[in-house]
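Welcome! Open your viewer, keep the selection box handy, and we will walk through this protein one stop at a time.

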Amino acid sequence: MQYDVVVIGSGPGGYVGAIRCAQLGMKTAVIEKYKTFGGTCLNVGCIPSKALLDSSEHFHNAAHTFGTHGIDLKDLKVNMPQMIARKNDVVAQNTAGITYLFKKNKIDSFEGVGSFVDKNTIKITKADGSSEQITAKNVIIASGSKPTALPFLPIDKKRIITSTEALNITEVPKTMVVIGGGVIGLELGSVYARLGTKVSVVEFMPSIIGTMDAGLGKELQRVLKKSLGMEFYMSHKVTGASVKGKTVTVTADNAKGEQVKLDADYCIVAVGRVAYTDGLGLENIGIKTEERGNKIPVNEHLETAVPGVYAIGDVIKGAMLAHKAEDEGVYVAERLAGQKPHINYNLIPGVVYTWPEVASVGYTEEQLKEKGVAYKAGSFPFKASGRAKASMDTDGFVKVLADAKTDEILGVHMIGPRAADMIAEAVVAMEFRASAEDIARICHAHPTYTEAIKEAAMAATDNRAIHM
């Protein structure tokens, strides 16, 4: 065999899995169809969207809160081309970092589309049509996902766009419709709302971020409406969209079946993502994808029906999260090395990078009720936090859910400043089966946002939060 491991795809799952394989002494190669490494996350997903979120947040604060801080500005304006250029530079730095890591770990890389000839032979088809073959003892499929399209709503990538095109708009639109009230739609919608765009969100479900604790979606919707003027059309079924000149008209039916029309400069379609398996040649080795979501079936060790062929990340079941894919890449590498790694899928945090940020780990209240688990809940609002008052970030709360008998923490849900970073404390606590009392007894630095976690834990244990 030419390689011990060949990884198809260089996104978070693929490149992390490849590096871990190399660290463990395996001769490793990565096949990537694009010219840069990093997959969706680094090129057109997590990293560029966070760059724009940070830039737009700076502008929004300069326009709306600097005066209160005693900072006076004149002639504030958005330089959109520069904002996009900075975003592109951030992406370039990150993708170059992976190139460096591959060289450091002596990982071979191939540019082209990787497809199975048989389970140990991979054909690499390059952009010019030429091809070559490599062999491997084991193959890890990490081909990721692509935006879901609505069959009745053609995406022209000019006015009706996906998240990819939304990262490169070089003007501040006056109006924008976002189809989908999930993570991607709300993050990108908030970018432009901060810059002055009138953003309308159309969502089929009765609540936004519907997979998270219901209280989080309710609070986020309230804050985005209050602080950014975003409009929400909940329980609306989109029926179509048409473009005339520079105007997109989106039609939808409300809960009563009445038609609603929304005109905008752009329409972002953000209704989810689907596993990307095009060109892999799965049929050549007998792998069939699932009908729903096009996912590749795997067992508890992330191995497909074909021995020696594994799949990780967005292309298999579970949350489509970069950090989930990374953990799975490490898991497969360590399994191949004879180790016994584990992943607790219930403790993979979910984050929405709006402002305030939203983060969640473990069971929601809705899930605990459905499972019939007796629990107790404690909440603490950021408006009672000294640190939040100092930074003018008083929206949101932290909620701790604990077992009614054992006090073990079952879920932590938060919306507020730096929630994306704070959720790690909850993940660590839950990984070690901590009780709410454990968190309540840990000394937290003052003044910090994380004190809200301690106060929520105190509220959950014996309704004894100090500062409310």
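## Stop 1: a strand in the middle

Begin by selecting residues 3–8 and 28–32: these are strands β1 and β2, which pair in the parallel sense over 4 bridges. As you look around, keep in mind that this is a predicted model. Within the pair, find V6, which stands opposite A29 in β2.

Now add residues 12–23, helix α1. Together, β1, α1 and β2 make a right-handed β-α-β unit.

Next, select residues 108–111 to bring in strand β3, which also pairs with β2 in the parallel sense, over 4 bridges. Here V30 is the residue to click, as it stands opposite S109 in β3.

Stay on β2 a little longer. How many of its 5 residues are buried? The count is 5 of 5, so the strand is mostly covered, since buried means under 20% relative accessible area. In a regular strand, side chains alternate between the two faces of the sheet. Colour T28, V30 and E32 for one side of β2, then A29 and I31 for the other: both faces are covered.

## Stop 2: the domains

Zoom out and colour by domain. The domain assignment gives domain 1 as 2–147 + 274–337, domain 2 as 160–271 and domain 3 as 356–462. If you compare domain 1 with domain 3, their centres, taken over C-alpha atoms, are separated by 32 Å.

## Stop 3: annotated binding-site residues

Select K50, G114, D314, M320, L321, A322 and H323, which an unreviewed UniProt entry annotates as "binding site". These residues are spread over 274 residues of sequence, and they are spread in space too, up to 29.8 Å between C-alpha atoms. From this set, K50 is part of the lining of the second largest pocket.

Zoom in on M320, in the loop between β17 (309–311) and α8 (322–336). M320 counts as partly exposed because its relative accessibility is 29%, and partly exposed covers values between 20% and 50%. Show its surroundings: leaving aside neighbours within four places in sequence, M320 is in contact with S145, R273, V274, A275, K295 and D314.

Then step along to H323, which lies in helix α8. Its relative accessibility is 29%, so H323 counts as partly exposed. Not counting residues up to four places away in sequence, H323 touches I348 and P349.

## Stop 4: two cis peptide bonds

Select W355 and P356: a cis peptide bond joins them, with omega about 5°. P356 sits in the loop between β18 (350–352) and β19 (357–362).

For another example, go to H446 and P447, joined by a cis peptide bond with omega about -5°. Look for P447 in the loop between α12 (436–441) and α13 (451–462).

## Stop 5: two positive phi angles

Finish with a pair of backbone details. K157, a residue other than glycine, has a positive phi near 65°. You will find K157 in the loop between β7 (145–147) and β8 (160–161).

I209, likewise a residue other than glycine, has a positive phi near 35°. I209 is in the loop between β10 (198–202) and α7 (214–228).

Turn on the surface for both. Is K157 buried or exposed? K157 is exposed because its relative accessible area is 57%, whereas I209 is buried, with a relative accessible area of 4%.

Key
Residues are numbered from 1 along each chain as its sequence is written. This is a predicted model: local features need pLDDT of at least 70, side-chain atom pairs count only at pLDDT 80 or more; totals for chains, interfaces and linings use all residues. Side-chain values use heavy atoms; hydrogens and water are left out. Domain bounds come from an automatic or database domain assignment. Buried means under 20% relative accessible area, exposed over 50%, partly exposed in between (1.4 Å probe, protein chains only). Two strands pair if DSSP finds at least two bridges between them. A crossover is right-handed if, with the strands pointing away from the viewer, the path from the first strand over the helix to the second runs clockwise. UniProt positions are given in the numbering used here, feature names are shortened, and annotations may be inferred rather than shown by experiment. On a 1 Å grid over the protein atoms alone, a cavity is a set of points where a 1.4 Å probe fits but cannot get out, and a pocket is an open set with protein on both sides within 12 Å along at least five of seven lines; lining residues have an atom within 4 Å of a point. Contact means heavy atoms within 4.5 Å.
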